[in-house]
Amino acid sequence: VRQFAEQIDGFRAGMDRLAGEDGALKAHIEDARRAIETGDFEVAVKAVDAVASSHAEVARGIRQQERDRFGLSASALEFIGDLHTALDDFESAARWYRMAIETIPERPASGLISCLNKHGTAAYRGADHISATSSFDRVRKILEKSLGVDHQDVATALNNLALMYYEQGDYAAAEPLY
(Lines give C-alpha, C1' and ligand atoms only; values in the text may rest on other atoms or scores of the structure.)
Protein backbone atom coordinates (compact mmCIF):
# COMPACT_ATOMS: atom_id res chain seq x y z
CA VAL A 1 0.00 0.00 0.00
CA ARG A 2 2.85 2.34 0.91
CA GLN A 3 4.50 1.74 -2.50
CA PHE A 4 1.19 2.42 -4.24
CA ALA A 5 0.76 5.66 -2.26
CA GLU A 6 4.26 6.74 -3.32
CA GLN A 7 3.35 6.03 -6.96
CA ILE A 8 0.22 8.18 -6.62
CA ASP A 9 2.33 11.02 -5.16
CA GLY A 10 4.69 10.65 -8.13
CA PHE A 11 1.76 10.83 -10.55
CA ARG A 12 0.49 14.01 -8.89
CA ALA A 13 3.93 15.64 -9.03
CA GLY A 14 4.43 14.78 -12.69
CA MET A 15 0.98 15.90 -13.76
CA ASP A 16 1.58 19.63 -13.28
CA ARG A 17 4.08 19.79 -16.13
CA LEU A 18 1.84 17.87 -18.55
CA ALA A 19 -0.33 20.88 -19.40
CA GLY A 20 2.65 22.98 -20.37
CA GLU A 21 1.62 26.58 -20.96
CA ASP A 22 -1.83 25.66 -22.28
CA GLY A 23 -4.39 26.90 -19.78
CA ALA A 24 -7.18 24.91 -21.39
CA LEU A 25 -5.32 21.69 -20.66
CA LYS A 26 -4.97 22.54 -16.98
CA ALA A 27 -8.68 21.71 -16.53
CA HIS A 28 -8.00 18.18 -17.80
CA ILE A 29 -5.11 17.87 -15.36
CA GLU A 30 -7.38 18.96 -12.51
CA ASP A 31 -9.95 16.38 -13.62
CA ALA A 32 -7.23 13.72 -13.60
CA ARG A 33 -5.99 14.84 -10.18
CA ARG A 34 -9.51 14.63 -8.68
CA ALA A 35 -10.05 11.23 -10.32
CA ILE A 36 -6.80 9.91 -8.82
CA GLU A 37 -7.81 11.23 -5.38
CA THR A 38 -11.08 9.31 -5.60
CA GLY A 39 -9.42 6.23 -7.10
CA ASP A 40 -11.21 6.53 -10.45
CA PHE A 41 -8.21 5.74 -12.64
CA GLU A 42 -10.29 5.27 -15.79
CA VAL A 43 -11.41 8.89 -15.62
CA ALA A 44 -7.81 9.95 -14.93
CA VAL A 45 -6.62 8.02 -17.97
CA LYS A 46 -9.25 9.71 -20.17
CA ALA A 47 -8.34 13.17 -18.87
CA VAL A 48 -4.59 12.68 -19.39
CA ASP A 49 -5.25 11.11 -22.79
CA ALA A 50 -7.09 14.31 -23.78
CA VAL A 51 -3.96 16.26 -22.80
CA ALA A 52 -1.70 13.95 -24.82
CA SER A 53 -4.00 14.10 -27.85
CA SER A 54 -4.11 17.90 -27.73
CA HIS A 55 -0.31 18.17 -27.58
CA ALA A 56 0.05 15.69 -30.47
CA GLU A 57 -2.45 17.63 -32.60
CA VAL A 58 -0.61 20.90 -32.01
CA ALA A 59 2.75 19.24 -32.77
CA ARG A 60 1.42 17.81 -36.06
CA GLY A 61 0.26 21.29 -37.06
CA ILE A 62 3.63 22.79 -36.23
CA ARG A 63 5.42 20.03 -38.13
CA GLN A 64 3.28 20.70 -41.21
CA GLN A 65 3.91 24.46 -40.93
CA GLU A 66 7.63 23.73 -40.71
CA ARG A 67 7.54 21.59 -43.87
CA ASP A 68 5.51 24.25 -45.68
CA ARG A 69 7.96 27.00 -44.68
CA PHE A 70 11.00 24.99 -45.73
CA GLY A 71 9.27 24.27 -49.02
CA LEU A 72 8.62 27.97 -49.61
CA SER A 73 12.19 28.78 -48.65
CA ALA A 74 13.52 26.19 -51.10
CA SER A 75 11.28 27.57 -53.85
CA ALA A 76 12.54 31.10 -53.20
CA LEU A 77 16.18 29.93 -53.30
CA GLU A 78 15.50 28.06 -56.53
CA PHE A 79 13.93 31.20 -57.99
CA ILE A 80 17.08 33.17 -57.13
CA GLY A 81 19.05 30.48 -58.97
CA ASP A 82 16.73 30.93 -61.95
CA LEU A 83 17.39 34.68 -61.90
CA HIS A 84 21.16 34.12 -61.87
CA THR A 85 20.77 31.66 -64.75
CA ALA A 86 18.88 34.31 -66.71
CA LEU A 87 21.85 36.63 -66.09
CA ASP A 88 24.28 33.93 -67.31
CA ASP A 89 25.87 33.90 -63.84
CA PHE A 90 26.08 30.13 -63.64
CA GLU A 91 28.41 29.88 -60.65
CA SER A 92 26.00 31.91 -58.53
CA ALA A 93 23.02 30.02 -59.96
CA ALA A 94 24.59 26.69 -59.02
CA ARG A 95 25.25 27.96 -55.48
CA TRP A 96 21.60 29.04 -55.05
CA TYR A 97 20.27 25.78 -56.49
CA ARG A 98 22.51 23.85 -54.08
CA MET A 99 21.07 25.84 -51.16
CA ALA A 100 17.54 25.08 -52.40
CA ILE A 101 18.35 21.36 -52.60
CA GLU A 102 19.81 21.36 -49.10
CA THR A 103 16.95 23.36 -47.59
CA ILE A 104 14.37 20.65 -47.92
CA PRO A 105 15.57 17.14 -48.58
CA GLU A 106 11.97 15.88 -48.25
CA ARG A 107 10.81 17.66 -51.41
CA PRO A 108 8.57 15.69 -53.73
CA ALA A 109 10.74 13.74 -56.17
CA SER A 110 9.64 15.84 -59.15
CA GLY A 111 10.62 19.12 -57.45
CA LEU A 112 13.93 17.70 -56.28
CA ILE A 113 14.72 16.29 -59.73
CA SER A 114 13.95 19.64 -61.35
CA CYS A 115 16.21 21.51 -58.94
CA LEU A 116 18.98 18.92 -59.26
CA ASN A 117 18.84 19.19 -63.05
CA LYS A 118 18.96 22.98 -62.82
CA HIS A 119 21.94 22.71 -60.48
CA GLY A 120 23.69 20.24 -62.76
CA THR A 121 23.15 22.44 -65.79
CA ALA A 122 24.30 25.61 -64.02
CA ALA A 123 27.33 23.83 -62.55
CA TYR A 124 28.21 22.45 -65.98
CA ARG A 125 27.86 25.85 -67.62
CA GLY A 126 29.92 27.34 -64.79
CA ALA A 127 32.67 24.75 -65.50
CA ASP A 128 32.14 22.82 -62.25
CA HIS A 129 31.86 19.41 -63.89
CA ILE A 130 32.31 17.46 -60.67
CA SER A 131 29.26 19.11 -59.03
CA ALA A 132 27.28 18.73 -62.25
CA THR A 133 28.13 15.03 -62.37
CA SER A 134 27.06 14.60 -58.76
CA SER A 135 23.68 16.25 -59.39
CA PHE A 136 23.01 14.33 -62.59
CA ASP A 137 23.95 11.07 -60.89
CA ARG A 138 21.57 11.81 -58.03
CA VAL A 139 18.80 12.46 -60.58
CA ARG A 140 19.58 9.14 -62.23
CA LYS A 141 19.35 7.27 -58.93
CA ILE A 142 16.02 8.87 -57.99
CA LEU A 143 14.56 8.14 -61.42
CA GLU A 144 15.78 4.55 -61.48
CA LYS A 145 14.26 3.94 -58.07
CA SER A 146 10.91 5.52 -58.92
CA LEU A 147 10.51 4.67 -62.62
CA GLY A 148 12.71 1.65 -63.23
CA VAL A 149 15.88 1.38 -65.30
CA ASP A 150 14.10 1.12 -68.66
CA HIS A 151 12.23 4.42 -68.49
CA GLN A 152 13.03 7.15 -71.04
CA ASP A 153 13.66 9.73 -68.30
CA VAL A 154 16.35 7.43 -66.90
CA ALA A 155 17.91 7.30 -70.37
CA THR A 156 17.99 11.12 -70.45
CA ALA A 157 19.62 11.17 -67.01
CA LEU A 158 22.21 8.61 -68.16
CA ASN A 159 22.92 10.73 -71.23
CA ASN A 160 23.49 13.81 -69.05
CA LEU A 161 25.77 11.79 -66.82
CA ALA A 162 27.72 10.35 -69.77
CA LEU A 163 28.23 13.86 -71.13
CA MET A 164 29.69 14.91 -67.80
CA TYR A 165 32.13 11.99 -67.75
CA TYR A 166 33.06 12.66 -71.36
CA GLU A 167 33.56 16.37 -70.61
CA GLN A 168 35.89 15.44 -67.77
CA GLY A 169 37.87 13.19 -70.09
CA ASP A 170 36.75 10.02 -68.33
CA TYR A 171 35.91 8.15 -71.52
CA ALA A 172 35.95 4.77 -69.80
CA ALA A 173 33.19 5.84 -67.40
CA ALA A 174 31.16 7.47 -70.19
CA GLU A 175 31.32 4.56 -72.64
CA PRO A 176 29.01 2.07 -70.84
CA LEU A 177 26.39 4.79 -70.36
CA TYR A 178 25.88 5.33 -74.10
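These legends go with several close-up views of a predicted model.

**View 1. Glu-30 and Arg-33 pair up within helix 2.** Here the two side chains meet in a salt bridge, with 2.8 Å from N to O. Both residues belong to helix 2 (residues 23–38), and they sit three residues apart, about one turn of the helix. Their surroundings are worth a look too: Glu-30 is partly exposed, at 36% relative accessible area, while Arg-33 counts as buried, at 17%. Arg-33 gets that label because its value falls under the 20% cut-off for buried.

**View 2. Lys-118 reaches Asp-82 in a salt bridge.** The closest N and O atoms of this pair are 3.1 Å apart. This one links distant parts of the chain: Lys-118 comes from helix 5 (residues 109–125) and Asp-82 from helix 3 (residues 41–86), with their positions 36 residues apart in sequence. Lys-118 is partly exposed, with 27% relative accessibility, and Asp-82 is also partly exposed, at 27%.

**View 3. Helix 6 holds the salt bridge of Asp-137 and Lys-141.** The closest N and O atoms are 3.5 Å apart. Helix 6 runs over residues 129–147, and the two partners are four residues apart along it, about one turn. Asp-137 counts as buried, at 18% relative accessibility, whereas Lys-141 is partly exposed, at 48%. Zoom out a little and there's a network of salt bridges, linking Asp-137, Arg-140, Lys-141 and Glu-144. As for the whole structure, a search turns up seven salt bridges.

**View 4. Thr-103 is tucked in as a buried residue of helix 4.** Helix 4 covers residues 90–103. With a relative accessible area of 19%, Thr-103 counts as buried because that is under the 20% cut-off. What does Thr-103 touch, leaving aside residues up to four places away in sequence? Its contacts are Phe-70, Ser-73, Ala-74 and Leu-77.

**View 5. Asp-153 sits in helix 7 and touches two leucines.** Helix 7 spans residues 152–167. Setting aside residues up to four places away in sequence, Asp-153 touches Leu-143 and Leu-147. Val-139 can be picked out here as well: its C-alpha is 9.7 Å from that of Asp-153, and the two are 14 residues apart in sequence. Is Asp-153 buried or partly exposed? Asp-153 counts as partly exposed, because its relative accessibility is 35% and buried would mean under 20%.

Notes: Residues are numbered from 1 along each chain as its sequence is written. This is a predicted model: local features need pLDDT of at least 70, side-chain atom pairs count only at pLDDT 80 or more; totals for chains, interfaces and linings use all residues. Side-chain values use heavy atoms; hydrogens and water are left out. Buried means under 20% relative accessible area, exposed over 50%, partly exposed in between (1.4 Å probe, protein chains only). Contact means heavy atoms within 4.5 Å. A salt bridge is a side-chain nitrogen of Lys or Arg within 4 Å of a carboxyl oxygen of Asp or Glu.
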